[in-house]
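Thanks for coming. I have one structure to go through today, and I will take it region by region. Here it is.

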Amino acid sequence: MKRNFKDDFSLMAMLLIPIGVAINIVGFQLTNVLRLPIFLDTIGTILVGVIAGPWVALLAGLITNLINAIFNPTYLPYALTSMAIGVGAGLLSKYGFFKSVPKTIISGIIITLIAVVVSAPITVLVFGGATGNTSSLITATFLASGQQLWTAVFSSSFIVEIADKVVSVLIVFFIVKGMSDRYLSKLKYGHLYMKRRSRQ
């Protein structure tokens, strides 16, 4: 186990972390500028998880939220969510969940559930149910309709997260599909997505 953990952090995997973090931050800034109702701030973390494994993705997720928290401290507690998403993406990749579009969509739903289970309690316990983003408006609507706080937060989180995560995993699927076998062969799970392998 310890050896596997250390083996995950090869030079190529370490070089992939800043690329993943940069993709996350660009996605995050893009949605802010365009006022999109999704986040797109975990694309890089998921990408790292898919081809480099869960522990490398965990680190990419943590670094992303530490950087985003400089501009918006709200993101600091949600580092736990990003880390969980990274581990989830890595484990799903290990079992072949990113090999086809249908499986990728299923992985997006599973990652959505991971994100909701981790982030909704943070939203309620740390921020009282509202953080000022799109999901807070949906939460307010549910509360106005008579739902309890926890139910409203879980419901609104799921609605926002499922759109975000399904879009994110599909983007990752097509990024990986476009990668060369030579590059993929140097990463932990890269061999799963090599074109020569898929033709065999």
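Before the first residue, one cut-off: buried here means under 20% relative accessible area, exposed means over 50%, and partly exposed is what falls in between. With a relative accessible area of 2%, K165 therefore counts as buried. Please keep in mind throughout that this is a predicted model.

I will stay with K165, since two of the salt bridges involve this residue. One partner is E161, with the closest N and O atoms 2.4 Å apart. The other is D164, where the closest N and O atoms are 2.6 Å apart. Taken together, E161, D164 and K165 are linked in a network of salt bridges.

Where do E161 and K165 sit relative to each other? Both are in helix α8, residues 149–177, and because they are 4 residues apart, about one helical turn separates them. As a general point, an α-helix has 3.6 residues a turn, so residues three or four places apart point the same way. Is E161 buried or exposed? E161 is buried, at a relative accessible area of 8%. D164 and K165 are both buried too.

How many salt bridges are there by this rule? The count comes to 3. Apart from the network, there is a salt bridge between the side chains of D8 and K188, at 2.7 Å from N to O. D8 belongs to helix α1, residues 2–8, while K188 is in the loop between α9 (181–184) and α10 (195–199), so this pair ties together parts that are 180 residues apart in sequence. The two ends have unlike surroundings: D8 has 3% relative accessibility and counts as buried, whereas K188, at 34%, counts as partly exposed.

Next, the annotation. The unreviewed UniProt entry gives "transmembrane region" for residues 12–31, 38–63, 75–93, 105–129 and 149–176. Two of those spans can be set beside the model. Residues 149–176 are 100% helix and 0% strand, with the end C-alpha atoms 39 Å apart. Residues 75–93 are 79% helix and 0% strand, and there the end C-alpha atoms lie 26 Å apart.

On to α2, residues 11–34, which is where L15 is found. L15 has a relative accessible area of 49%, so this residue is partly exposed. From the C-alpha atom of L15 to that of T31, 16 residues apart along the chain, the separation is 26 Å.

After that comes the loop between α2 and α3, and here I would look at the backbone. Most residues other than glycine have a negative phi. R35, in this loop, is not a glycine and yet has a positive phi of about 55 degrees. L40 is in the loop between α2 and α3 as well, and its phi is also positive, near 55 degrees. Their side chains fare differently in accessibility: R35 counts as exposed at 75%, while L40 is buried at 10%.

Helix α3, residues 43–52, is mostly covered, with 10 of its 10 residues buried. Among them are I43, I46, L47, V50 and I51. Just after α3, G53 takes a positive phi of about 105 degrees.

Helix α4, residues 54–71, holds N65. What does N65 touch outside its own stretch of chain? Leaving aside neighbours within four places in sequence, N65 is in contact with Y75, Y78, A79 and S82. With Y75 there is a polar approach: a polar atom of the N65 side chain lies 2.9 Å from the backbone oxygen of Y75. N65 is buried, having a relative accessible area of 3%.

Last, the surface. Which residues make the nonpolar surface patch? V101, I105, I109, L113, F158 and F174 make a patch of about 480 Å². The elements giving two or more residues to the patch are α6 (101–127) and α8. The largest share, 4 residues, comes from α6. V101 is found in α6 and counts as partly exposed, at 33% relative accessibility.

To close, α8 is the element to look at again: E161 and K165 lie in this helix, and α8 also gives residues to the nonpolar patch. That is the end of my part.

Terms used. Residues are numbered from 1 along each chain as its sequence is written. This is a predicted model: local features need pLDDT of at least 70, side-chain atom pairs count only at pLDDT 80 or more; totals for chains, interfaces and linings use all residues. Side-chain values use heavy atoms; hydrogens and water are left out. UniProt positions are given in the numbering used here, feature names are shortened, and annotations may be inferred rather than shown by experiment. Buried means under 20% relative accessible area, exposed over 50%, partly exposed in between (1.4 Å probe, protein chains only). A salt bridge is a side-chain nitrogen of Lys or Arg within 4 Å of a carboxyl oxygen of Asp or Glu. Patches are made of residues with over 30% relative accessible area and no salt bridge: like charges are joined within 9 Å, nonpolar side chains (Val, Leu, Ile, Met, Phe, Trp, Tyr) within 5 Å. Accessible areas come from the Shrake-Rupley method with a 1.4 Å probe; for residues, only the protein chains shown count as cover. A polar contact is a pair of N or O atoms within 3.5 Å; within protein, one must be able to donate a hydrogen and the other to accept it, and residues adjacent in sequence count only if both atoms are side-chain atoms. Contact means heavy atoms within 4.5 Å.
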